[in-house]
Amino acid sequence: MQPFALNYARPARELVVSTPYVYDSGLQLNVLADGRVAACDHALLREVGTTTSTAGSKTHFDD
């Protein structure tokens with residue numbers, strides 16, 4: 001017997017998302033393609049809301 005919900009369930013479409021910044025391990029910050037710190041770009045912060053990375057949680061146990 002198949003549950004009722006499975007008759008209507010559809011796989012979620014995968015969103016194609018690209019971030020305009022990358023993590024710089026030397027600076028330990030997210031930087032834009034032109035080398036500026038991503039957190040200083042107010043337009044970017046308004047658009048994406050944050051520039052968090054997972055680097056802190058991998059290196060500090062208390063993050």
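In the predicted model, Gln-28 is exposed, with a relative accessible area of 57%, and this residue lies in the loop that connects β1 and β2. Although Gln-28 is not a glycine, its phi is positive, at about 55°. The loop in question belongs to the hairpin formed by β1 and β2, in which 4 residues lie between the strands and in which Gln-28 is the residue noted for a positive phi near 55°.

The overall arrangement provides the setting for this hairpin. The protein contains 2 helices and 2 strands, and, read from the N terminus, these elements follow the order β-β-α-α. Of its 63 residues, 14% count as buried, and the accessible surface amounts to about 5,900 Å², with 56% of that surface belonging to carbon and sulfur atoms. When contacts between residues at least 6 apart in sequence are considered, 15% of them join residues at least 24 apart.

The two strands were examined next. Strand β1, which spans residues 21–24, pairs with β2 in the antiparallel sense, and the pairing extends over 4 bridges. Strand β2 itself covers residues 29–32. Within this pairing, Tyr-21 has Leu-32 of β2 as its bridge partner, while Tyr-23 stands opposite Asn-30, likewise in β2. Asn-30, a residue of strand β2, has a relative accessible area of 8% and is therefore classed as buried, since the cut-off for that class is under 20%. Gln-28, by contrast, reaches 57% and is classed as exposed. The C-alpha atom of Asn-30 is separated by 9.6 Å from that of Pro-20, a residue 10 positions away along the chain.

Beyond the hairpin, the chain enters the loop between β2 and α1, and Asp-34 is located in this loop. At a relative accessibility of 53%, Asp-34 counts as exposed, because the threshold for that class is over 50%. The separation between the C-alpha atoms of Asp-34 and Tyr-21, which are 13 residues apart along the chain, is 9.5 Å. The side chain of Asp-34 also engages that of Arg-36 in a polar contact at 2.8 Å, and the same two side chains meet in a salt bridge, with an N to O distance of 2.8 Å. Arg-36 shows a relative accessible area of 43% and is partly exposed.

Asp-41 is found in the same kind of connecting segment, namely the loop between β2 and α1, the helix that comprises residues 42–48. Once neighbours within four places in sequence are set aside, Asp-41 is in contact with Leu-32 and Arg-36. Of these, Leu-32 is the residue of β2 that serves as the bridge partner of Tyr-21, whereas Arg-36 forms a salt bridge with Asp-41 in which the closest N and O atoms are 3.5 Å apart. With a relative accessible area of 15%, Asp-41 is buried, as this value falls under the 20% limit.

Salt bridges in the structure number 2. Side chains of opposite charge can pair when their charged atoms come close. Here, Asp-34, Arg-36 and Asp-41 are linked in a network of salt bridges, with Arg-36 taking part in the bridge to Asp-34 at 2.8 Å and in the bridge to Asp-41 at 3.5 Å. The members of this network fall into distinct accessibility classes: Asp-34 is exposed, at 53%, Arg-36 is partly exposed, at 43%, and Asp-41 is buried, at 15%.

Note on methods: Residues are numbered from 1 along each chain as its sequence is written. This is a predicted model: local features need pLDDT of at least 70, side-chain atom pairs count only at pLDDT 80 or more; totals for chains, interfaces and linings use all residues. Side-chain values use heavy atoms; hydrogens and water are left out. Buried means under 20% relative accessible area, exposed over 50%, partly exposed in between (1.4 Å probe, protein chains only). Contact means heavy atoms within 4.5 Å. Accessible areas come from the Shrake-Rupley method with a 1.4 Å probe; for residues, only the protein chains shown count as cover. A salt bridge is a side-chain nitrogen of Lys or Arg within 4 Å of a carboxyl oxygen of Asp or Glu. Two strands pair if DSSP finds at least two bridges between them. A polar contact is a pair of N or O atoms within 3.5 Å; within protein, one must be able to donate a hydrogen and the other to accept it, and residues adjacent in sequence count only if both atoms are side-chain atoms.
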